[in-house]
There are 2 protein chains.
Amino acid sequence: MKAVYYIETPYEPEAAAAVLAGEQSSGTFVAVPGETEALKQRFAARVEKVTLLETVQQPAIPGAISKTGVYNRARVEVSWSIENFGYNLPVMLSTLQGNLYEITQFTGLKLMDIELPPSFGAHFKGPEFGVEGCRKLTGVASRPLIGTIIKPSVGLSVTETADLVKTLAAAGIDFIKDDELLSSSANSKFEDRVAGIMKVINKHADKTGKKIMYAFNLSGEMDEMLRRYETIVKHGGTCAMISINSVGLSGVKKICDQRQLAIHAHRNGWGMLTRHPLLGIDFRAYQKIWRLAGVDQLHVNGIQNKFWETDDSVVASINACLTKLFDQQNVLPVVSSGQWGGQAFETWQRTQTQDLLYMAGGGILAHPMGPAAGVTALQQAWSAAVEGSTLQEAAAQYREFGKSAEKFGGK
Amino acid sequence: MKAVYYIETPYEPEAAAAVLAGEQSSGTFVAVPGETEALKQRFAARVEKVTLLETVQQPAIPGAISKTGVYNRARVEVSWSIENFGYNLPVMLSTLQGNLYEITQFTGLKLMDIELPPSFGAHFKGPEFGVEGCRKLTGVASRPLIGTIIKPSVGLSVTETADLVKTLAAAGIDFIKDDELLSSSANSKFEDRVAGIMKVINKHADKTGKKIMYAFNLSGEMDEMLRRYETIVKHGGTCAMISINSVGLSGVKKICDQRQLAIHAHRNGWGMLTRHPLLGIDFRAYQKIWRLAGVDQLHVNGIQNKFWETDDSVVASINACLTKLFDQQNVLPVVSSGQWGGQAFETWQRTQTQDLLYMAGGGILAHPMGPAAGVTALQQAWSAAVEGSTLQEAAAQYREFGKSAEKFGGK
């Protein structure tokens, strides 16, 4: 097991890296009896490589003060014997991250990537569905899956939600999800919502042969999640959503292990873990952990999103999701945040993939000609983008997408 | 439900706060049909108060660029109807944190505190043991519980670990824990370790009437954690440890709900969530979430710790743990990190409490006269501190503590 960190330190990077390795294996702040050379050889983390990068005058985050006024940034590679934690993902996480972020010798530390040993590929099955499985479940062969989020996020009754699903179904949507702020509430009880929505979806499937994938927000206590999972299965649903950071690794793994529903992993809270360039975890490392846990779909924001994230970062995240991990299914990147179709052109140009779940909330539901036109507009945008048209050409050619461009394009 | 955030924004703080409230309740980036005034009244988050604080010239984290070159910091209070999420802790977390950290209008956002509605006190039982329960289980009436960590963290065999426990038992230790890097490994299988260690502890209890609390590191997959929990119960253990950030909220809650063992909550990974002053979550808010989940002991670092955390922050954390939440048991603050007894004096002066689990790893195990003297030294330090002695006086008065001061005091 190897990990790559981007660090900043007022000390020599090699010395700081040694503290990191010590803290995350056999060490404590003084030598203790029993920490023999043989034991160290077998269990100690090893600093494999330190590459000095830029230096700065101001520390990124509070920590030890530099005596020279200089803070060194470096790329540090560390390796562990997996004998230390076996196939235990939470303990792996505590080893790769854990107390590292507390070490005063660092004024910045970000886990950038993980290199997993081949035995992990044999032990962990990864996504049960992933890209291919989600395509099969929705019957979408090659274009991006088009999805939307129930809005308003919170407050609609079951009947209102089911009516909205009916409208979206008629419009040809592939995927719909609950908002992450709603799981079960007084006026939209989980079980009632599943029953109400799946009735619409099943009826639509009987008529058209197309089963819309609906991601019901399962997030909650462990037993409740398992019960609700069964409710979805019972009603013929194909997907459940989990707020992975809020539920946590052990809970998510347990749900993924049921392997009957595609798991839509919502990464809300992610900004806290990655937004600072020198603190937390990079998406490349993050997505590997959740793929091991077995999620099938994972949020990546989108090009020109309404959030802080840069387009470069979004493109890197899409590429990471679609890079093979062992012989597992790739996890389906969920593109969202302020999307209305106009971003399809740059998304296609920069990623050259249609293996995406392309989500628009307001971009569909607030379309001037109604939600059905909103779905059509997104399909038009993607089809035009893949054919090599520009946004302007597509807006001129397609009526629905043209209206989208008028309403949302000025933003 | 009310939450307090410390924010930074290039915009007017009131406008940024409105974006926050919209994102975390009914809103999306454009108005959508169905978001009626009645629905907003009932479900929308409300900005209760905005207090302008300092202004700065440089943004804390990447986000929208200020046109005036000024970034405003403010304290923002937001409230929600708990109808939005009910008693679902993961959805509460997604509401309080979630996408907030992604909002580009903020160049800094930290969740500082939560005000929980009284109905939470009726619904959530909180710690089963907490301060009083842990005192009863260990038979320590009023002084701090003295604890240590098995070191080397990783690599000792079961026999070696059990021998070390025997030595520590003879020395009068109250509490011992696995290192968070070890759960089950080839040469220290969980079940074998529980059997080996509990044999020593039970024998010691039979002889002396004192049962040492040992926190076995349960962290792992859900079913495995539940099985291992039963193993601990079966062997007469009284405590299990969980790396709460690695396992996550749903998994931890499920374990706490068993309510037979005291749960030692290790917060490794915490630095990532709090080390930046304008990103993440403050301990005041954090500890409330985990108390609702039901943990009995929670790490707070220690005075003059080896990590980045300031003494002021440690003192605030101890006070937070010992502030009543509803009519629940207080969670026992776990003081650790580079502790050897010398810090007892300032810890006592600044907190005036002995309701602590006071942990020393190297400070006990690397004591020049051996671990037994290490335990004695810590008891001497606390007794002297509470009697009003200074470190120097205590070092002169007590042989074992004097040796500690010689070896560790120069650091």
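What follows walks through the symmetry, one sheet, a helix pair and the salt bridges of a predicted model. Residues count from 1 along each chain as its sequence is written, and chains are lettered from A in the order in which they are written. Local features need pLDDT of at least 70, side-chain atom pairs count only at pLDDT 80 or more, totals for chains, interfaces and linings use all residues, and side-chain values rest on heavy atoms, with hydrogens and water left out.

Start with the two copies. Chain A lands on chain B after a rotation of 180° with 0.0 Å of shift along the axis, at an RMSD of 0.0 Å (a least-squares fit on the C-alpha atoms of residues with pLDDT of at least 70 in both). That is the relation of a two-fold axis. Both copies use the same surface, as 100% of the contact residues of chain A recur in chain B; contact here means heavy atoms within 4.5 Å. Of the residues of chain A, A:G248 comes closest to the rotation axis, with its C-alpha at 1.8 Å.

Next, the sheet. Chain A has an open sheet of five strands in the order 2-3-1-4-10, with mixed pairing. Strands are DSSP runs of E of at least two residues and helices runs of H or I of at least four, numbered from the N terminus; two strands pair if DSSP finds at least two bridges between them. Strand 2 (46-56) and strand 10 (279-281) of chain A sit at the edges, each pairing on one side only. Neighbouring strands are turned by 15° against each other on average, direction ignored. Strand 2 of chain A runs antiparallel to strand 3 (residues 71-79) of chain A, and eight bridges join them. A:K49 has A:E77 of strand 3 of chain A as its bridge partner. Helix 1 (residues 13-23) of chain A packs on this sheet, touching strand 1 (2-9), strand 2, strand 3 and strand 4 (108-115) of chain A, and its direction makes about 135° with that of strand 2 of chain A.

Over in chain B, helix 10 (residues 249-256) and helix 12 (residues 283-293) pack at about 45°, their axes 8 Å apart. Axes are lines fitted to C-alpha atoms, for helices over the stretch in contact, and angles run from 0 to 180 degrees between N-to-C directions. That makes helix 10 of chain B oblique to helix 12 of chain B (under 35 degrees is roughly parallel, over 145 roughly antiparallel, 65 to 115 roughly perpendicular and the rest oblique).

Finally, salt bridges (a side-chain nitrogen of Lys or Arg within 4 Å of a carboxyl oxygen of Asp or Glu) come to 45 over all chains. In one of them, A:K151 meets A:D179, with the closest N and O atoms 3.0 Å apart.
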